[in-house]
Each structure stands twice: as C-alpha cells, then as structure tokens.
Amino acid sequence: MSPRKLGYVVPETLREASEFLREHAEHARVIAGGTDVLVQLRRRPERGRTDGLRWLVDISRIRGLAGVSSASGTIRIGALTTHEEIARNPIIRKGAPLLAEACASVGSPQIRARGTIGGNIMNASPAADTIPALVALSARVRLSDLGGTRDILITDIFEGPYRNLAQPGEILVEVYFDVLPPTCRSAFVKLGRREALAIARLSCAVVIERDGAGRVVRAAIAPGACLPMPARVSSAEEILVGKVPDEATIDAAAREVAEEMVRRTGVRWSTDYKKPALEAIARRAIWRALGVNVE
Ligand SMILES: Cc1cc2nc3c(=O)[nH]c(=O)nc-3n(C[C@H](O)[C@H](O)[C@H](O)COP(=O)(O)OP(=O)(O)OC[C@H]3O[C@@H](n4cnc5c(N)ncnc54)[C@H](O)[C@@H]3O)c2cc1C
C-alpha cells in the first residue's frame with residue numbers, strides 16, 4: 001500500500017453521502033464492497049483514478065441501497081446488492097436467469113459475498129460479468145446526487161474501458177429491467193482461463209423469445225470482454241428473428257457475432273484466438289437460450 005494517507009468516511013444516508021461528495025467530489029472515491037477499489041489502490045493507480053485522491057466514501061452502510069424487488073413487471077436491484085445475493089435470489093433466477101448465471105460466475109465465494117452489482121457496473125471493466133447480461137436485458141441505471149436522480153440506459157453509462165459517464169459525486173442507486181416473460185429463455189456463457197476465480201476472456205449473454213410455433217420473435221445478443229464498448233449485436237439478432245432456428249441459422253448468428261467483433265475492433269494479435277472462441281461461445285449461449293445444452 002502506498003504511504004499516502006486517505007480519509008475514510010462512512011455516511012449512513014444517501015443525502016449525507018451526496019453532501020460529502022458535493023464538497024469533495026474531485027478528491028473522493030465511492031467504495032462499496034471494495035473488491036475493485038482496493039486492488040486498484042494497491043496495484044493499478046492508473047486505472048484507479050487515484051491522483052489527488054484524499055477520501056474514500058464507504059457507502060456500504062446506507063440503508064435502502066441493497067436488495068431485489070419486483071413490481072409491475074419490473075425488477076429492481078439496489079446498487080449494494082452482492083453477486084451472491086443476486087445469484088441465489090428467486091426473483092432473479094425466475095425473471096432474469098442469465099443475470100443469476102453471470103453473478104454466480106464472478107470470482108470466488110468471497111468475492112461474490114462482497115462485490116456489488118453497482119461496483120461491477122461503475123468500475124466499467126470490459127470483463128465485468130454482469131454488464132453483458134444487463135445489456136441483453138436492456139437494463140437502465142438510476143444515478144443520484146443532491147440535484148435529484150436521472151435514469152439512463154446501461155449502454156449509455158460507459159465511456160470506454162474503466163471509464164463511466166457519471167458526474168463526479170453521482171451515486172448509482174439501482175439498476176432495473178423488465179421481467180423476462182415465460183416465453184423467453186436466456187443464457188450467460190463465460191470463457192475464463194480456468195473454471196473458477198477467472199476474469200472473463202470472453203463471454204456472451206443471450207435472451208430469446210419464441211412464439212407458440214417456435215419462431216423467434218425477439219433476440220438480444222450481448223458479447224462481453226471483446227467490444228470497445230458494451231453493446232448488442234443487432235446484425236446477429238436479425239439472423240434469428242422470424243425463424244424457427246435450426247443449426248445453420250444458429251451457426252450463422254454465432255459467426256456474425258464474431259465477425260462483428262472483428263469489424264468493431266479491427267484485426268489484432270488476439271483475433272486468431274478470439275474470433276473462433278467467441279463464435280463458439282455465442283453458439284453455445286444461443287443454443288442454451290433455446291433450451292439445448294451443448295458443449
Ligand atoms: C480476486 C478477484 C476476482 C474477481 N473476479 C471477477 C469476475 O470473475 N467477474 C467480474 O465481473 N468481476 C470480478 N472481480 C471484480 C469485482 O469483484 C467486481 O467488479 C465487483 O462487482 C465490484 O464491486 P465492489 O462493490 O467491490 O466495487 P468497489 O471496489 O467498491 O467499487 C468499484 C468501482 O465502482 C465505484 N462504485 C461502487 N459502487 C458505486 C455506486 N453505488 N455508485 C457510484 N460508484 C460506485 C467505485 O468508486 C469504484 O470506482 C474480481 C475481483 C477480484 C479482487
């Protein structure tokens with residue numbers, strides 16, 4: 001740890017936190033579970049925005065910022081809700097199973113018990129596991145400061161790797177999205193270097209809705225850890241929509257996900273590995289979202 005001294009404040013209300021942040025926004029950093037912040041303070045100051053940092057504002061004791069609720073077809077998740085809580089929450093497992101899968105794949109039991117969904121979003125890592133799932137769900141986030149709240153689409157909060165567009169002092173209070181209807185299935189597939197405690201090298205979140213005849217009426221495909229900014233691949237979704245998907249259609253959609261990655265990122269040293277790997281992961285996620293487990 002650097003010898004620099006940091007002040008540590010633990011507000012008990014959102015207002016208290018916001019007041020402190022209004023005074024010190026340029027020199028303060030919110031800390032929730034601390035699983036990203038502490039690593040950055042120790043090892044990666046260039047990613048941790050630690051220049052001029054004087055205060056850590058621990059929001060973990062603020063009541064009302066944790067928990068999952070569902071009303072009128074909308075699921076709301078408080079920013080302080082941990083990955084572990086989300087992974088085992090019955091509302092999420094039923095209404096957004098891909099997010100439960102994504103949270104269950106994060107780190108280790110210890111990391112899942114501390115790391116929060118708000119921290120995962122605001123850290124804006126390209127490899128963050130909840131982000132592709134939230135993108136596929138067309139989630140929105142609510143940001144709050146003393147001036148009030150504003151709601152934005154999840155994809156609009158990112159500016160680039162490890163950079164978000166929240167104003168200094170804004171706190172993410174919740175993320176919300178529509179409950180997936182029973183006609184929808186979903187999947188989250190992640191490729192890491194090993195089975196556990198692995199940051200995603202690639203991932204893919206898929207939501208597919210079908211009508212009574214098995215025809216796809218809605219598809220959302222969001223790859224992770226491979227695009228410059230989190231996004232859906234609409235050209236791949238369009239291949240599925242309107243069809244009763246067969247193997248050739250699914251292969252074509254998965255190929256399109258990988259080709260779109262190359263179009264957006266250009267050919268890199270890793271493309272020879274990433275392109276076929278993403279195609280395979282996308283294919284697996286699409287099949288799983290159609291109810292078929294393939295390896
Ligand atoms: C060993 C290890 C393994 C990991 N494995 C994974 C993995 O497999 N998948 C994965 O996605 N991540 C992984 N992570 C990263 C991390 O655990 C997650 O990103 C976690 O969700 C971060 O949440 P946190 O509450 O700990 O965030 P913190 O570290 O407290 O904060 C992260 C960032 O978000 C900001 N922030 C936090 N909450 C808010 C809020 N409510 N409003 C405004 N800003 C906020 C902080 O200022 C900071 O910039 C791993 C980390 C470690 C150390």
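This note sets out points on the ligand shell, one loop residue, the nonpolar core and a set of paired strands in a predicted model.

1. Position of the ligand. Residues of domain 1 (7-58) and of domain 2 (68-178) both enter the shell around the ligand, so the ligand lies between these two domains.

2. Residues around the ligand. The shell holds 29 residues, of which Gly33, Gly107, Gly115, Gly119 and Asn120 come nearest to the ligand. Divided by class, the shell has 15 nonpolar, ten polar and four charged residues.

3. Elements that supply the shell. At least two shell residues come from each of strand E2 (28-31), helix H2 (37-43), helix H6 (109-114), helix H7 (117-123) and strand E10 (171-178). Among the contributors, H7 gives the most, with five residues.

4. His27. This residue is placed in the loop between helix H1 (14-24) and E2. His27 has 14 other C-beta atoms within 10 Å; a residue counts as exposed at 12 or fewer and as buried at 20 or more, and His27 is therefore partly exposed. Beyond its neighbours within four places in sequence, His27 is in contact with Gly52, Leu53, Arg54 and Trp55. One of these partners, Gly52, is 25 residues away from His27 along the chain, yet 5.7 Å separates their C-alpha atoms.

5. Nonpolar core. The largest nonpolar core comprises 85 residues, and the members that touch the most others are Leu99, Ala136, Ala205, Val206, Ile221 and Val257. Helix H11 (residues 271-289) gives the most to this core, with seven residues. As general background, nonpolar side chains tend to be buried together in soluble globular proteins.

6. Surroundings of Leu99. With neighbours within four places in sequence set aside, the contacts of Leu99 are Ile86, Ile92, Thr130, Ala133, Leu134 and Leu137.

7. The E4-E5 hairpin. Strand E4 (residues 68-71) and strand E5 (residues 74-78) run antiparallel and are joined by four bridges. Within this pairing, Ser69 has Arg76 of E5 as its bridge partner. Two residues lie between the strands of the hairpin, and Ser72 in the turn has a positive phi of about 50°.

8. From E5 to E10. E5 also pairs with E10; the two strands run antiparallel, with five bridges between them. Ile77 finds its bridge partner in Val175 of E10. E10 is also one of the elements that supply at least two residues of the shell around the ligand, and E5 thus links, through its bridges, to E4 and to E10.

Terms used: Residues are numbered from 1 along each chain as its sequence is written. This is a predicted model: local features need pLDDT of at least 70, side-chain atom pairs count only at pLDDT 80 or more; totals for chains, interfaces and linings use all residues. A residue is near a molecule or strand if its C-beta atom, placed from the backbone, lies within 6 Å of it. Ala, Val, Leu, Ile, Met, Phe, Trp, Tyr, Cys and Pro count as nonpolar, Asp, Glu, Lys and Arg as charged, and the others, Gly among them, as polar. Domain bounds come from an automatic or database domain assignment. Two residues are in contact if their C-beta atoms, placed from the backbone, lie within 7 Å. A nonpolar core is a set of buried Ala, Val, Leu, Ile, Met, Phe, Trp, Tyr and Cys residues joined through C-beta atoms within 7 Å. Two strands pair if DSSP finds at least two bridges between them.
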